[in-house]
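Please look through the sequence and the 3D structure shown here, and then follow the explanation below from the whole chain to single residues.

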Amino acid sequence: MTDSTDTADATDTADTAGTAVTADTTAIAQGRPCWLELYTPDTEAAAAFYSGLLGWRVAPADPDAGISTTVTHRDHLIASFEPQEDYAGWLVTLLVDDVAAAVAEVEGGGGGGGGGGGGGVVVPCTEVPGDEVDETGAATAFAVVTDPGGARVGMISTEPGPVPPMGPGMPVWHEVLTDGLDAGIDFYKRVFGWRTRVVPYGGEDLPYRVNYSGTESLCGIGELGAFASEDATPAWRVYYGTYASEGATPAWRVYFGVENLDDAAARVPALGGRVVSGPQDIPFGKMIQVTDPDGARFMLLEVAAPSR
């Protein structure tokens with residue numbers, strides 16, 4: 001699928017994809033990742049793992065907060081851990097103006113996952129009293145849906161907190177690898193209001209698009225099969241490597257920053273996790289894909305420490 005936004009931005013360089021949204025962003029961007037939840041069968045084990053790996057502080061949440069735990073780093077709220085017996089994985093939640101309308105758009109787009117034009121509803125639109133979300137008292141709503149490829153994604157109408165700064169221990173990039181890039185792009189534009197640009201490299205367009213607002217790159221979407229296949233072209237290999245490992249399914253991926261990737265990679269198995277792939281060098285740094293002790297996958301990317 002080629003639309004006006006893709007065509008108009010085809011001259012942008014691949015480096016644009018590395019300019020992630022920062023804490024200095026003033027506009028509230030529709031469709032921007034704004035919250036993370038880790039669903040895990042063992043929140044205490046998860047707390048020990050991520051605290052040891054990324055320096056996070058995990059604490060029980062206020063009983064009226066609507067979440068089970070708070071995950072903070074350098075005094076910034078970045079996530080929560082939620083107990084779930086039969087599943088381990090990260091859920092990325094995107095900001096929308098109207099959750100009910102976005103859910104209706106999902107329901108009207110064909111229904112179900114697996115490559116069609118629609119998606120599916122996992123958790124319907126749920127309203128939450130404002131005092132359970134933030135200090136403003138503004139009422140909010142949330143839902144969880146699947147895109148046409150089957151990747152789960154959350155939506156919420158109120159930001160749980162300010163955008164955390166970039167740096168070690170922080171989420172530094174979010175992307176979805178889905179089954180059917182064209183259908184996925186259409187879905188995220190219709191439901192979440194995305195504007196996407198092409199990522200050119202080596203004289204050809206990668207099977208990847210960046211959702212952007214102004215000069216800020218907010219998150220990405222890629223064709224899972226292209227990055228997982230051994231037949232991917234050399235340009236794709238140079239740019240993103242083979243981080244979609246064999247047997248991977250459509251899903252959102254979270255990149256967390258680390259100051260020294262080699263040190264972090266050594267800590268992963270010592271803390272009970274597993275290095276799935278890498279290290280690999282890409283234009284934005286060196287990265288690995290890992291799992292926590294219960295199998296939740298995420299990425300680690302070497303980034304510079306904040307200036308003091």
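The paragraphs that follow begin with the chain as a whole and then visit a cavity, a helix, a strand with its loop, and a few single residues.

The model is predicted, and every value in this text was computed from it. The chain has 308 residues, of which 51% are buried, and its secondary structure comes to seven helices and 16 strands. When contacts are taken between residues at least 6 apart in sequence, 67% of them join residues at least 24 apart.

The space left inside is a good place to go next. Rolling a probe the size of a water molecule over the atoms shows where empty space is left. When the whole structure is searched, one cavity of 30 Å³ or more is found, and the space in the largest cavity comes to about 260 Å³. Its lining is made up of 21 residues, and those closest to the centre of the cavity are Pro33, Val163, Pro164, Pro171 and His174. Four strands, namely β1 (33-40), β4 (76-83), β9 (171-178) and β12 (216-223), each give at least two residues to this lining. By chemical character, 17 of the lining residues are nonpolar, three are polar and one is charged.

From the cavity we turn to helix α2, which runs over residues 43-54 and has 12 residues. From its first C-alpha to its last, α2 reaches 16 Å, close to the 16 Å expected at 1.5 Å a residue. At its N-terminal end the helix is capped by Asp42, which has a side-chain oxygen 3.2 Å from the backbone nitrogen of Glu44. Within α2, the residues Ala46, Ala47, Phe49, Tyr50, Leu53 and Leu54 are buried. Just after the helix comes Gly55, with a positive phi of about 80 degrees.

Gly55 also leads to another part of the chain, for its backbone oxygen lies 3.3 Å from a polar atom of the His73 side chain. His73 is placed in strand β3, and His73 counts as buried because its relative accessibility is 11%, below the cut-off of 20%. Apart from neighbours within four places in sequence, His73 is in contact with Leu54, Gly55 and Trp56, with Ile78, and with Pro168, Gly169 and Met170. Two of these partners have already appeared in this account, since Leu54 is one of the buried residues of α2 and Gly55 takes its place just after that helix.

What kind of phi does Arg74 have? Phi of Arg74 is near 50 degrees, which is a positive value in a residue other than glycine, and Asp75 likewise has a positive phi, near 70 degrees, without being a glycine. Arg74 sits in the loop between β3 (69-73) and β4, and Asp75 lies in the loop between β3 and β4 as well. Arg74 is described as partly exposed because its relative accessible area is 37%, whereas Asp75 counts as exposed at a relative accessibility of 79%. Asp75 and Trp56 stand 19 residues apart in sequence, with 9.7 Å between their C-alpha atoms.

Is Asn211 buried or exposed? Asn211 belongs to strand β11, residues 204-213, and with a relative accessibility of 1% Asn211 counts as buried, so it falls under the 20% cut-off. If residues up to four places away in sequence are not counted, Asn211 touches Gly31, then Trp194, Arg195 and Thr196, and also Glu216, Ser217, Leu218 and Cys219.

Val103 offers a view of a buried residue in a helix, for Val103 lies in α3, residues 99-107, and is buried with a relative accessible area of 5%. Not counting residues up to four places away in sequence, Val103 touches Val121, Cys125, Ala143 and Met155. Val103 and Pro124 are 21 residues apart in sequence, while in space their C-alpha atoms are 7.2 Å apart.

The last stop is a feature of the backbone itself. The peptide bond that leads from Gly278 to Pro279 is cis, with omega near 10 degrees, and Pro279 has its place in strand β14, which covers residues 274-282.

Key. Residues are numbered from 1 along each chain as its sequence is written. Side-chain values use heavy atoms; hydrogens and water are left out. On a 1 Å grid over the protein atoms alone, a cavity is a set of points where a 1.4 Å probe fits but cannot get out, and a pocket is an open set with protein on both sides within 12 Å along at least five of seven lines; lining residues have an atom within 4 Å of a point. Grid points are joined across faces, edges and corners, and a volume is the space filled by probe spheres set on the points. Ala, Val, Leu, Ile, Met, Phe, Trp, Tyr, Cys and Pro count as nonpolar, Asp, Glu, Lys and Arg as charged, and the others, Gly among them, as polar. The expected span of a helix is 1.5 Å times one less than its number of residues. Buried means under 20% relative accessible area, exposed over 50%, partly exposed in between (1.4 Å probe, protein chains only). A polar contact is a pair of N or O atoms within 3.5 Å; within protein, one must be able to donate a hydrogen and the other to accept it, and residues adjacent in sequence count only if both atoms are side-chain atoms. Contact means heavy atoms within 4.5 Å.
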